[in-house]
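Biologist: Please take one strand of this model and look at it closely. Tell me what it pairs with, how covered it is, and then turn to the ligand.

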Amino acid sequence: MAGELPITRIPASPEKAEAIRCAVRLATRLGDSRLARMEDAGGLFALLSDPAVHAPIYTLPRPLTGRSVEDFIETHILEREAGIGLLFVREGEDGRVMGYSDVQVWPEFAAGELGGALHPSLHGQGSGARGAAASFAWMFEGLGLDLLCETAALDNVATQRLLDGLGFARKGEVTSTRSDGTSRASLVWEMTRADWDARHGKV
Ligand SMILES: CC(C)(COP(=O)(O)OP(=O)(O)OC[C@H]1O[C@@H](n2cnc3c(N)ncnc32)[C@H](O)[C@@H]1OP(=O)(O)O)[C@@H](O)C(=O)NCCC(=O)NCCS
């Protein structure tokens with residue numbers, strides 16, 4: 001998780017922060033996705049290996065190998081126990097991994113970030129925007145967050161349109177550091193729970 005994020009930092013009470021950690025520890029599903037298990041490493045590696053999937057995402061392991069994907073899953077299992085992170089996979093009917101969602105949480109600010117991708121065969125048909133909207137609603141209601149902070153590469157037009165379309169507010173630009181130490185510029189957006197409820201209705 002990038003050190004510059006979230007942009008807006010309103011400290012949560014210790015009780016609220018702990019309630020968020022508990023909600024993360026109890027989470028098992030996100031829409032039609034389930035928690036990633038070690039056995040998903042091969043399928044997740046196959047999904048992530050496509051540059052159309054991994055190139056725009058700075059939070060993925062680099063270099064991307066079967067082993068580093070196993071480590072990625074293991075890290076998220078430990079993050080779930082700590083109440084700060086979750087990794088979900090969406091299984092296709094043929095057993096392939098057709099998408100993943102990476103939820104990162106800053107309990108101390110009641111804030112979180114959603115990353116992820118869909119299989120390229122599903123791109124550009126509206127399911128990314130629908131899935132993201134449902135996931136954001138769950139992060140507010142299910143995890144009890146007050147703020148979402150999202151990033152996108154400067155050339156990631158689909159994610160930019162998705163976030164603008166859902167009413168996220170642009171907050172400028174930060175430098176995002178990848179796991180291999182390289183960096184890239186990212187645009188940043190934020191959405192408060194109050195603004196989400198006003199725009200999309202309370203879930
Ligand atoms: C980002 C992603 C989840 C979006 O899902 P999707 O199903 O492809 O997107 P949608 O069809 O819901 O479209 C969302 C918006 O992007 C636009 N869009 C979709 N593909 C686009 C493309 N290739 N170029 C430009 N705009 C595009 C859509 O028109 C829509 O905007 P609009 O509502 O203003 O018309 C998906 O493309 C993906 O997995 N990309 C690779 C990984 C990634 O970038 N992840 C996000 C960063 S963490």
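Modeller: Strands β6 and β8 run antiparallel, joined by 7 bridges. β6 spans residues 147–153, and β8 covers residues 183–192. One pairing to find on screen is Ala152, whose bridge partner in β8 is Leu187. Keep in mind that this is a predicted model.

β6 also pairs with β5. Here the strands run parallel, and 2 bridges join them. Look at Gly112 for this pairing: its bridge partner in β6 is Leu148. Between the two strands the chain passes through α5, and this β-α-β crossover from β5 to β6 is right-handed. So much for the partners of β6; next comes its cover. Of the 7 residues in β6, 6 are buried, and the strand is mostly covered.

Now the ligand. The elements β5 and α5 return here. β5 (111–118) supplies at least two residues of the shell around the ligand, and α5 (127–141) and α6 (157–165) each do likewise. The largest share comes from α6, which gives 6 residues. In total, 22 residues surround the ligand. Among the closest are Pro56, Ala117 and Gly128. Ala129 and Arg161 complete that closest group. Ala117 falls within the 111–118 range of β5. Gly128 and Ala129 fall within the 127–141 range of α5, and Arg161 within the 157–165 range of α6.

What is the make-up of the shell by class? It has 10 nonpolar residues, 11 polar ones and 1 charged residue.

Definitions and conventions: Residues numbered from 1 in each chain as written. Predicted model: local features only at pLDDT ≥ 70, side-chain atom pairs only at ≥ 80, totals over all residues. Near = placed C-beta within 6 Å. Helix = DSSP H or I, 4+ residues; strand = E, 2+ residues; numbered from the N terminus. Nonpolar A, V, L, I, M, F, W, Y, C, P; charged D, E, K, R; others polar. Buried ≥ 20, exposed ≤ 12 C-beta atoms within 10 Å, placed from the backbone. Pairing = 2+ DSSP bridges. Right-handed = clockwise from strand over helix to strand, strands pointing away.
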